[in-house]
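Colleague: Could you take a close look at one part of this model for me? I'd like the cut-offs along with the numbers.

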Amino acid sequence: MKVTDKDVAYVADLANLELSAGERTAMVRDLNSILGYIDKLNQLDTSNVEPMAQVSDRYGIDQGKQGSERFSYATRDDIVEGLRKSLPQEVALQNAPDADGTFFRVPKVIER
Amino acid sequence: MNLASLTIDAARSAIQERKITALALAEEHYAKIAEKDGEVGAFLTLCKERALEQADRIDRLSAEGKPLPPLAGVPVAIKDVMSTRGIRTTAGSKSLEKYISPYDCTAVARMEAAGAVILGKTNCDEFAMGSSNENSAFHAVRNPRDLSRVPGGSSGGSAAAVAADMAIAALGSDTGGSIRQPASFCGVVGLMPTYGRVSRYGLIAFASSLDHIGPLTKNVKDAATILRTIAGRDPMDSTSAEVPVPDYVAEFEKPIRGLKLGVAKEYFGEGLDDEVRHAVESAIDKLEGQGCEIVPVSLPHTPYAIPTYYVIATAEASSNLARYDGVRYSFRARGVKSLSEMYRRSRDESFGAEVKRRIMLGTYALSAGYYDAYYLKAQKVRTLLARDFEDTFTRVDAIVTPTSPTAAFRLGEKSDDPLAMYLADIYTVTADLAGIPGISIPCGETKEKLPIGLQILGKHFDESTILRVARGYERSAH
């Protein structure tokens, strides 16, 4: 077993999930099963292979350009309302489970 | 009007020639939805008011004798991961059950600007995570060809809506096969364009380096027509590529004689159902009969695609889904006393089991001590998978494979075994990882009358060739 109850508790904490006792048991089982399969990747020697973080870096761009120049088409001036108007406040807040008309409202952050 | 054979061109011509109004056509599709969707479950939300307004606009253009745009009056369905202004967008998740999008997804806006009539939003696996549509928080979708079977996923509702003639076409999204596999299971055409070909602005993110938007249609030409409509640079999505958009519709009928088609042994190995193998091999024979040269090729890293995919996709998902925190998007757990409790309980109560599993797997793969072993390792193998295609495409124009190792499976058949479900994507994830385009077209049926899909993979930004090959097969099959 690679993943223990303790690991699941730690990762759930990182992911802001609580998980019930039943969910944690199932998670230990499922993660071990999936990670066991993923270990297949270790059959490959990748010591001289560059990682591929995204597709756009390799294809569809002008390879004659250098560095970030290659993506110059995707940049714009840093100005307010550069591409579109910001959403009006009431629209931005319309899906909030709790708002006061100006701000999102959440439970108290600092306990005293 | 017989909806079953109705394609984009036929619908548009009928409206242009005043044989039917766009309004009547929309109403006929709503009647079909009322008749069939109770048992299929393809739609989550209908937007009749918006649809009929658009239909009326098209009818007025038509009455004035003005030229009609390419999708004029065509009733379409949109997977519920694409934002639609003023209309509920749920991503199949309880966490967005009441979420109303404040703006339109670019692909949706382009469809509407081209005259399409948006009937409603289609069911999908929660946050597009799944291969059977059983992970929807609302209800499963049933395959219109056999109601005891799944429609595939995650764009199961979009595929089922087109297959059951409840829409002429639909938009779906594909991160690991979610357009092509359901197209294959439901017997329709599904096209995943090149990464960057279609803007994702307004698409609810699952895995940003893998997410694509594309059409599900009744034939190859309709897929070409929709791709031409939605493709092209969008300043609102910095990953949308600045690559010119060819006229796919003008090119797709070109003969395929002389094209070199690769057949990779790795896609015909263990786990491939015999009936699927037979149908795909027959399809390849037909393509050879049309003058294509069949070239045996090897994509040696294919067996590593699924493990690579499930590290990268879940890592990206764990980050993208951090935004569902109970503050902005409609759902918050009740009775929470602290901020931390609000985050945890809101996420716990609104995410389904598969979404939690993927967030956990992705968070684990990115966590201190495991980043190099899992995430970085998978990114390196991704390079090897991309190189497999680069090498092969120096020798062939396209690659033909089965879309899925089996035809549609039964509801519940794989839902208790996440790994078995992941393997349903074995022939489709490679294209997402490499960023190349792929199309699935129907190529026959099993003895039980279940559709089988032929997948055609192409070079980056060369959708024209895979559409041509798909059309070549379609011609030979009819």
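What radius of gyration does chain A have, set against a compact globule of 112 residues?

Modeller: Sure, and bear in mind this is a predicted model, where local features need pLDDT of at least 70, side-chain atom pairs count only at pLDDT 80 or more, and totals for chains, interfaces and linings use all residues. On labels, residues are numbered from 1 along each chain as its sequence is written, while chains are lettered from A and ligands numbered from 1 in the order in which they are written.

Chain A has 23 Å, whereas a compact globule of 112 residues would have a value near 13 Å (taken over C-alpha atoms, the globule rule being 2.2 Å times the number of residues to the power 0.38). The C-alpha trace of chain A spans about 55 × 55 × 25 Å along its principal axes. Buried residues are 16% of the 112 in chain A (buried means 20 or more other C-beta atoms within 10 Å of the residue's own, with C-beta atoms placed from the backbone).

As for secondary structure, chain A has three helices and zero strands, giving α-α-α along the sequence (helices are DSSP runs of H or I, at least four residues, and strands are E runs, at least two, numbered from the N terminus).

Then there's the partner: 46 residues of chain A are in contact with 60 residues of chain B (C-beta atoms, placed from the backbone, within 7 Å). Helix 1 (5-14) and helix 2 (21-38) of chain A are the elements giving two or more residues to that side, and helix 2 of chain A has the largest share, eight residues. For the complex, the predictor gives an ipTM of 0.93 and a pTM of 0.97.

Methods: Contact = placed C-beta atoms within 7 Å. Buried ≥ 20, exposed ≤ 12 C-beta atoms within 10 Å, placed from the backbone.
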